Amino acid sequence: MNYKMMGRFHALILAILAVFMIPAMIICLLDGTAKTAVSFAVSMALTAAVAALLALISRGAKRDFYIREGLICVGSSWIVISFFGCLPFWLSGEIPGFLDALFEMVSGFSTTGASVVADVEALSRGALYWRSFSNWLGGMGVLVFLLALLPTGGRNEGFTMHLFRAESPGPEVGKLVPSLRKTARVLYLTYIALTVANFIFLLFGDMPLFDALCASLSTAGTGGFGIKNDSMASYSPYIQNVTTIFMLLFGVNFSCYYLMLLGKLKSVFRDEELRMYIGMVVGAIALIALNTRHLFDTLGETVRHAAFQVATVVTTTGFASTDFDLWPTFSKTVLLLLMVIGACAGSTGGGMKCSRVLLLFKNLKRNIARILQPSRVQVIRVNGKTVDEQVVSNTGAYLAAYVILLIFSTLVLAIDGHSFETTFTAALSAMNNIGPGLDAAGPTCNYTIFSPLSKIVLILDMLAGRLEIFPVLILFSPRAWRKK
């Protein structure tokens with residue numbers, strides 16, 4: 001185990017985190033919220049000091065860095081940044097309990113959007129910005145950001161690829177361009193461009209500047225941290241429609257945007273995962289609009305709310321334009337299925353991912369065909385390319401781990417004595433990084449009702465969901481920490 005190299009990466013990540021706290025502190029100073037400004041300053045100092053100490057200890061680190069170190073480094077780094085990132089909330093007293101502050105920060109970085117804050121509007125603007133920015137930073141991944149800055153090549157290419165694969169969402173991660181550093185830059189430039197476009201369109205709808213900034217950051221990361229207690233319900237239909245469109249755009253595999261820039265439109269339109277994603281969204285909107293038509297005054301209002309909720313759930317953003325917990329059972333069931341499936345691989349959305357579900361269905365179809373024709377050689381193809389059997393096997397392993405973790409989490413949460421609908425959807429929401437569930441964990445409620453044990457389980461679920469389970473599970477394996 002190359003602990004020194006891991007320490008070096010943790011040092012770099014913490015240094016970046018300390019720098020990213022500066023805008024939040026400046027906002028606090030401009031608003032005159034001195035106590036919160038001091039809490040950000042102290043947090044920055046502590047974070048920078050630990051980063052410097054780790055950098056000092058890890059001097060002369062060897063470059064031997066393999067998949068095991070990559071998984072452990074990714075899993076542990078997200079815990080570390082959540083720990084230091086929550087300090088401003090706790091030190092300022094805006095979120096009094098440390099566990100609650102940690103829950104809020106993990107929810108932010110994992111882009112879940114589940115909150116333990118009963119009155120969001122009572123928070124300072126600096127704290128609100130930090131919550132929304134955590135969504136944005138966690139959406140694409142702090143390590144991907146780090147890889148976009150670090151020089152790669154030669155021996156560096158190995159360990160950077162391990163980090164990239166461990167943090168990026170989806171069953172298979174590859175490079176868009178030959179250089180991994182350029183791949184990370186392409187992803188982040190696309191990410192920034194879409195965020196800026198979202199921000200500008202929100203301003204066109206007369207949304208206040210600070211509101212538009214926080215909303216665009218949370219939408220881009222598909223995190224859903226709002227700055228109003230009613231989320232997006234009090235904003236105009238134009239703003240809700242713009243948010244719907246951009247939530248869906250951020251749920252698309254970012255490689256599709258890169259192909260569009262290259263002029264390869266045919267490849268984009270033929271992408272099976274994208275077609276599944278679009279078909280699923282359109283079908284869900286139509287079904288829910290038909291089922292909820294009697295709840296709204298006009299057809300336009302019905303379609304708007306149906307589209308918003310489908311977009312926020314399938315991309316696992318977590319915003320709300322209405323209380324969908326009051327909708328008919330059929331509509332809630334459709335939303336529940338969308339929670340599980342989620343957005344495309346290579347997007348900022350959560351869930352199992354469309355590509356993984358697509359592989360599961362194709363593998364099921366192949367197994368049925370094998371029963372009928374045992375001697376026939378059958379392979380799985382996606383977009384005309386043969387899928388490696390290791391990828392298919394990993395998809396099955398992911399599904400098994402997903403189900404086991406979901407069952408275990410539901411059982412632990414059930415100790416609190418809440419309804420099954422509350423307990424199950426809270427665990428499901430955390431695992432898929434959605435935010436709101438149903439019943440007492442619904443869009444108009446928060447997670448303060450859960451016990452400290454349940455919050456710890458939900459924290460692990462949120463991290464596991466964002467990091468595709470295995471980087472978190474490996475942290476609990478004694479074998480992973482051995483020298484050889």
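User: I'd like to start with helix 18 and helix 19 (residues 389-414): at what angle do they pack, and how far apart are their axes?

Analyst: Happy to start there. In this predicted model, helix 18 and helix 19 have axes 10 Å apart and pack at an angle of about 105 degrees. Angles of 65 to 115 degrees count as roughly perpendicular, so helix 18 is roughly perpendicular to helix 19.

User: Which residues meet between helix 18 and helix 19?

Analyst: From helix 18 come Arg-356, Leu-359, Leu-360, Asn-363 and Arg-366. Helix 19 brings Glu-389, Val-391, Val-392, Thr-395, Tyr-398 and Leu-399 to meet them.

User: And how do helix 15 and helix 18 cross?

Analyst: The same reading applies to angles here: 65 to 115 degrees is the roughly perpendicular range. Helix 15 (residues 272-292) and helix 18 (residues 354-372) cross at roughly 100 degrees, with axes that come within 9 Å, and they are therefore roughly perpendicular to each other. On the helix 15 side, the contact is made by Glu-272, Glu-273, Met-276, Tyr-277 and Met-280. On the helix 18 side are Cys-354, Ser-355, Val-357, Leu-358 and Lys-362.

User: Let's turn to burial. Is Pro-88 buried or exposed?

Analyst: The general idea is a cut-off: buried means under 20% relative accessible area. Pro-88 has a relative accessible area of 1%, so this residue is buried. Pro-88 sits in helix 5 (residues 87-92).

User: What is Pro-88 in contact with, leaving aside its neighbours within four places in sequence?

Analyst: With those neighbours set aside, the contacts of Pro-88 are Met-21, Ser-39, Phe-40 and Ser-43. Take Ser-43: Pro-88 lies 45 residues from it in sequence, yet their C-alpha atoms are 6.1 Å apart in space.

User: How does that fit the chain as a whole?

Analyst: Here are the totals. The chain has 22 helices and two strands, and 57% of its 484 residues count as buried. Among contacts between residues at least 6 apart in sequence, 71% join residues at least 24 apart. The accessible surface comes to about 20,000 Å², and 68% of that belongs to carbon and sulfur atoms.

User: Which residues make the nonpolar surface patch?

Analyst: The patch, of about 550 Å², is made by Ile-192, Val-196, Ile-200, Phe-201, Phe-204 and Tyr-238. Helix 10 (residues 180-204) gives the most to this patch, with five residues.

User: How does Ile-192 count in terms of accessibility?

Analyst: Partly exposed lies between the 20% and 50% cut-offs. Ile-192, which is placed in helix 10, has 38% relative accessibility and so counts as partly exposed.

Note on methods. Residues are numbered from 1 along each chain as its sequence is written. This is a predicted model: local features need pLDDT of at least 70, side-chain atom pairs count only at pLDDT 80 or more; totals for chains, interfaces and linings use all residues. Side-chain values use heavy atoms; hydrogens and water are left out. Patches are made of residues with over 30% relative accessible area and no salt bridge: like charges are joined within 9 Å, nonpolar side chains (Val, Leu, Ile, Met, Phe, Trp, Tyr) within 5 Å. Accessible areas come from the Shrake-Rupley method with a 1.4 Å probe; for residues, only the protein chains shown count as cover. A salt bridge is a side-chain nitrogen of Lys or Arg within 4 Å of a carboxyl oxygen of Asp or Glu. Helices (H or I, at least four residues) and strands (E, at least two) are DSSP runs, numbered from the N terminus. Buried means under 20% relative accessible area, exposed over 50%, partly exposed in between (1.4 Å probe, protein chains only). Axes are lines fitted to C-alpha atoms, for helices over the stretch in contact, and angles run from 0 to 180 degrees between N-to-C directions. Angles under 35 degrees count as roughly parallel, over 145 as roughly antiparallel, 65 to 115 as roughly perpendicular and the rest as oblique. Contact means heavy atoms within 4.5 Å.
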